[in-house]
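Please find below a colleague's note on the structure shown here. The points are numbered so that each may be taken up separately.

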Amino acid sequence: MAVGIVPTSEGSADYNGRITWFVVLSSIVAATGGIIFGYDIGISGGVISMAPFLKKFFPEVFTKMTHVAEISNYCVFDSQLLTSFTSSLYIAGLIASFLASPVTRTYGRRPSIIIGGIAFLIGSALGGAASNIYMLLLGRILLGVGVGFANQAVPLYLSEMAPAKYRGSFNIAFQLCVGIGVLFASLLNYGVQKIKGGWGWRISLAMAAAPATFLTIGAFFLPETANSLIQHGNDHQKAKKILQRVRGTTDVQAELDDLIKASDKSKAVKHPFKQIIKRKYRPQLVMSILIPFFQQVTGINVISFYAPILFQTIGLGASASLMSAVVTGVVGTSATFLALLIVDRVGRRAMFSFGGIQMFVSQILIGIIMAVKLGDHGVLSKGYGLLVLVLICIYVAGFSLSWGPLGWLVPSEIFPLEIRSAGQSITVAVGLIFTFIIAQTFLAMLCHLKSGIFFFFGAWVAIMTVFVYFFLPETRNLPIENMESIWRDHWFWKRFVFDEQDYDKGYTT
């Protein structure tokens, strides 16, 4: 029984065109949204490990960290207010992603990117200038609004701009930028924590304005995608000119005809959120929920948000913990770059499987070492501490080769145009819901589960790896507008997917 089939129907037809500087530069500007997202993820973990920041905004945690020796290694940072600083960004992003869907569908991808950039700018300014906890949280909330709009629009923009056979590499540029953002945040945290006077955290929070400025200004010069121009307007000639410029050839009629066909179908759909729950879209709906859910329960955000805290838990000092976060950032960014190079050659399924096995093994080993060698009040020896760091790097590399980039890529390429904005909104919303839950509960989970936290996430990695093997078909090198064929050819999903003529035979939605 085949569990993944690359269709050989019309969906595999090649369009004319090549990679042009125009599409490369446009994609670089759009992918900057990933740098800001990664920066916001990476900066919070470093900032909340800095004593001056804790002393100003979270004095209770600062007191526990410096004066109470009898508290368990796993419970020093357990504070709901402290986790609210991290998680508030994601609940705001959740709400904003639903507001972004009609904007993206009605007005295009570019307006959503611009709105996201402006929200990033205001949020970073408030964070850097914060004088009390309310100002600090308001800045994080506005950053969340930026995340909701940018994450809704940027992956779609990249997938629609890219030639079909290079779509994986172009879309992974977004995740590469996320990794670069995390790395830059870790480096900055390491540098500013040594500033005398204890105000280095302000630089960390405010520096998100740098990529936000580039994104906001650059977005005003971005071309709208041909898909979007056709979807919300009737100027097919303008769409054709954009397509010719993007593809570097005048012979784009075959691709344009497919885009127009898909647009005509999508315009018949007035309520995409009602449409996506129909039976024939069941595969896309399931993937739009489970892929972002699985991406979050890999446990990666435990590393991204709280790496410095986690390294302090195993006995490293504050400065060493921040440097260890830099090391994992370098590993993650390097592995994501490798994924960008191989994704359209190796395929999505193989990368999911390899990365899943790598993450599972490393998490189980970390859990065993921490259970046996650390305990509640012990300290890992230098050798075991280094071994845990190496295993975390192996885990991060596995994620960055699989669920990191592919968790964004696959959802962005599987939705037909009529449900694309709704599907992407669900994907972003589910991701943000569980990012919020994990960010808000992790420090409490660490306190109660202790080393078992790694077994918890390891079990989920095993489940998702099996799920991908059996239920996710290969999408490599297929044009987006003809992606429906992969579900018709799949051993399980074909029972849900019907052509229009099937409805005339008595099937219902």
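**Notes on the predicted model**

1. L478 is placed in the loop that joins helix 21 to helix 22. The model under review is a predicted one. With a relative accessibility of 2%, L478 falls under the 20% limit and therefore counts as buried. In space, the C-alpha atom of L478 is 6.1 Å from that of A164, although 314 residues separate L478 and A164 in sequence.

2. N477 belongs to the loop between helix 21 and helix 22 (485-488) as well. The backbone of N477 deserves attention: its phi is positive, at about 70°, although N477 is not a glycine. The relative accessible area of N477 is 26%, so this residue is classed as partly exposed. The loop thus holds N477, which is partly exposed, and L478, which is buried.

3. A further loop, between helix 11 (236-247) and helix 12 (253-267), contains T249. Is T249 buried or partly exposed? Its relative accessibility is 22%, and because the buried class ends at 20%, T249 is counted as partly exposed. T249 also takes part in a contact across the sequence: its C-alpha atom lies 7.2 Å from that of N16, while T249 and N16 are 233 residues apart along the chain.

4. Helix 1 covers residues 21-47. At 1.5 Å a residue, its 27 residues should span 39 Å, and the distance of 38 Å between its end C-alpha atoms agrees with this. The helix nevertheless bends by about 25° at V29. Of the 27 residues in helix 1, 22 are buried, so the helix is largely enclosed by the rest of the structure.

5. Helix 7 may be read in the same manner. It runs over residues 167-192, and its 26 residues should span 38 Å at 1.5 Å a residue; the end C-alpha atoms are 38 Å apart, which agrees. A bend of about 25° occurs in helix 7 at A173. Helix 7 is mostly covered, with 21 of its 26 residues buried.

6. How many cavities of 30 Å³ or more does the model contain? The count is 4. The second largest cavity holds about 80 Å³ of space. Its lining consists of G299, V302, I303, Q363, I366, I392, Y395, I453, F454 and F457.

7. Which helix gives the most to the lining of the second largest cavity? Helix 21 does, with 3 residues. At least two lining residues come from each of helix 15 (300-313), helix 17 (348-373), helix 18 (382-401) and helix 21 (452-471). By class, the lining of this cavity comprises 8 nonpolar residues, 2 polar residues and no charged ones.

8. On cysteines, the number of disulfides in the structure is 0. C177 has a relative accessible area of 12% and C393 a relative accessibility of 10%. Because both values are under 20%, C177 and C393 count as buried.

Note on methods. Residues numbered from 1 in each chain as written. Predicted model: local features only at pLDDT ≥ 70, side-chain atom pairs only at ≥ 80, totals over all residues. Heavy atoms only, no water. Helix = DSSP H or I, 4+ residues; strand = E, 2+ residues; numbered from the N terminus. Expected span 1.5 Å × (residues − 1). Bend = angle between axes of the 7 residues up to and from the residue. Buried < 20%, exposed > 50% of the residue type's maximum accessible area, 1.4 Å probe, protein only. 1 Å grid on protein atoms, 1.4 Å probe; cavity = no way out; pocket = protein on both sides within 12 Å on 5 of 7 lines; lining within 4 Å. Points joined across faces, edges and corners; volume = space filled by probe spheres on them. Nonpolar A, V, L, I, M, F, W, Y, C, P; charged D, E, K, R; others polar. Disulfide = S-S within 2.5 Å.
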